[in-house]
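Student: I'd like a close look at one part only: the inside of this protein. Please take me through any gaps first, and then through what is packed around them.

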Amino acid sequence: GDRVPAYLLVPEGLAGKASALLCLHQTTAIGKGEPAGLGGKPNLRYGLELAQRGHVTLMPDYPGFGDNDFDAYKHGYASTTMKGIWNHMRAVDLLQELPEVDGTRIGCIGHSLGGHNTLFAGAFDERLKVMVSSCGFTSFPKYKGGDLTHWGNSAYMPWVTERYGADPARMPFDFPDLIASLGPRGLFVSAPLYDDNFEVSGVRDCVQ
C-alpha cells in the first residue's frame with residue numbers, strides 16, 4: 001500500500017534508449033527537489049544536470065523527507081535504512097521498465113544521506129552498474145570519534161544503538177565491507193578534506 005513520491009526527468013529529443021541514474025538526495029527537507037533542481041544549491045542539482053547531459057534520472061524521496069511521510073516501523077521494518085533500500089530497488093525496477101531506458105545501463109549517485117544510501121542500494125542490487133558517493137561515509141571508528149549514536153536514530157538503523165551500543169567494535173559490518181561488495185562494478189568517491197561528519201582519513205581507510 002505504499003507509494004514513493006519521486007521526480008522523473010527524461011531528456012528532450014531522446015533518440016534511442018539512454019542510460020539512467022537513480023539520484024538520491026541529501027538530508028534536506030525538500031528531499032527529491034534538491035537533485036531535481038528545485039533547491040537553492042546549484043552544485044546539488046545532479047539529477048537535473050545529468051538529464052541535461054542525456055541520461056534519464058529518477059529522484060525518490062527517502063522516508064521522512066520531501067513528500068514521503070511513510071513510517072517504516074509502523075509497517076514492520078527494523079530500520080528506515082532498509083525501507084530506503086527496498087524503495088531504491090523498486091526504483092530500479094521502474095527504470096528498467098521505461099521504454100526510454102537501456103535496462104543494462106543503470107547507476108546511482110547521491111550526496112551525504114544519498115551518498116551512503118547509494119552504497120546500501122548497490123550492496124543489495126547488482127543491477128546498479130556504477131555508483132557515485134559524495135560525502136557519504138567514513139569508517140565507523142573515525143565517525144565522530146567512534147560514537148555511532150547518530151547512526152542508531154530512527155531515520156537510519158536503531159539496532160546500531162539497541163543491539164551494538166553505538167560501538168564500532170561491536171558492529172557486524174563497516175563501510176569497507178559495503179565497498180568490497182560492489183566490485184567489480186564502478187564506484188567513484190568524492191570525499192572533502194574537512195567534512196564534519198565523514199572524516200577523510202577514514203574514507204581512505206575504507207577504500208584501501
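Tutor: Let's start with what counts as a gap: on a 1 Å grid over the protein atoms alone, a cavity is a set of points where a 1.4 Å probe fits but cannot get out, while a pocket is an open set with protein on both sides within 12 Å along at least five of seven lines. Lining residues have an atom within 4 Å of a point. Points join across faces, edges and corners, and a volume is the space filled by probe spheres set on them. Keep in mind that this is a predicted model, where local features need pLDDT of at least 70, side-chain atom pairs count only at pLDDT 80 or more, and totals for chains, interfaces and linings use all residues. Residues are numbered from 1 along each chain as its sequence is written, and side-chain values use heavy atoms, with hydrogens and water left out.

Searching the whole structure turns up one cavity of 30 Å³ or more, with a volume of about 40 Å³. Among the residues lining this largest cavity are S133, C135, F137, V189, P192, D195, F198 and V203. β5 and β6 are the elements that give two or more residues to that lining (helices, H or I with at least four residues, and strands, E with at least two, are DSSP runs numbered from the N terminus). By class, the cavity lining has seven nonpolar, four polar and one charged residues (Ala, Val, Leu, Ile, Met, Phe, Trp, Tyr, Cys and Pro are nonpolar; Asp, Glu, Lys and Arg are charged; the others, Gly among them, are polar).

Now the open spaces. The largest pocket holds about 300 Å³ of space. It has 15 lining residues, and S79, T81, M82, M157 and F173 sit closest to its centre. α2, α3 and α4 (159-162) each give two or more residues to this lining, and α2 gives the most, with three. The split here is 13 nonpolar, two polar and no charged. The second largest pocket comes in at about 250 Å³, and R3, V4, N87, R90 and A91 are the closest to its centre among 13 lining residues. Here α2 again gives the most, with six residues, and the classes are eight nonpolar, one polar and four charged.

What about the packing? The largest nonpolar core has 40 residues, and L148, W151 and F175 touch the most other members (such a core is a set of buried Ala, Val, Leu, Ile, Met, Phe, Trp, Tyr and Cys residues joined through side-chain atoms within 4.5 Å, buried being under 20% relative accessible area with a 1.4 Å probe, protein chains only). α3, β5, α5 and α6 are among the elements supplying at least two residues each, but α2 gives the most, with five.

F175 is also one of the buried residues of helix α5 (175-182), along with L178, I179 and L182. Down the axis of α5, these fall within an arc of 95° (taken from the directions from the helix axis to the C-beta atoms), so they line one face of the helix. Their cover includes α3 (113-124), β5 (128-134), β6 (186-190) and α6 (200-207).

As for W151, its contacts (heavy atoms within 4.5 Å) include H116, F140, M157, F175 and F198, leaving out residues up to four places away in sequence.

Notes
Buried < 20%, exposed > 50% of the residue type's maximum accessible area, 1.4 Å probe, protein only.
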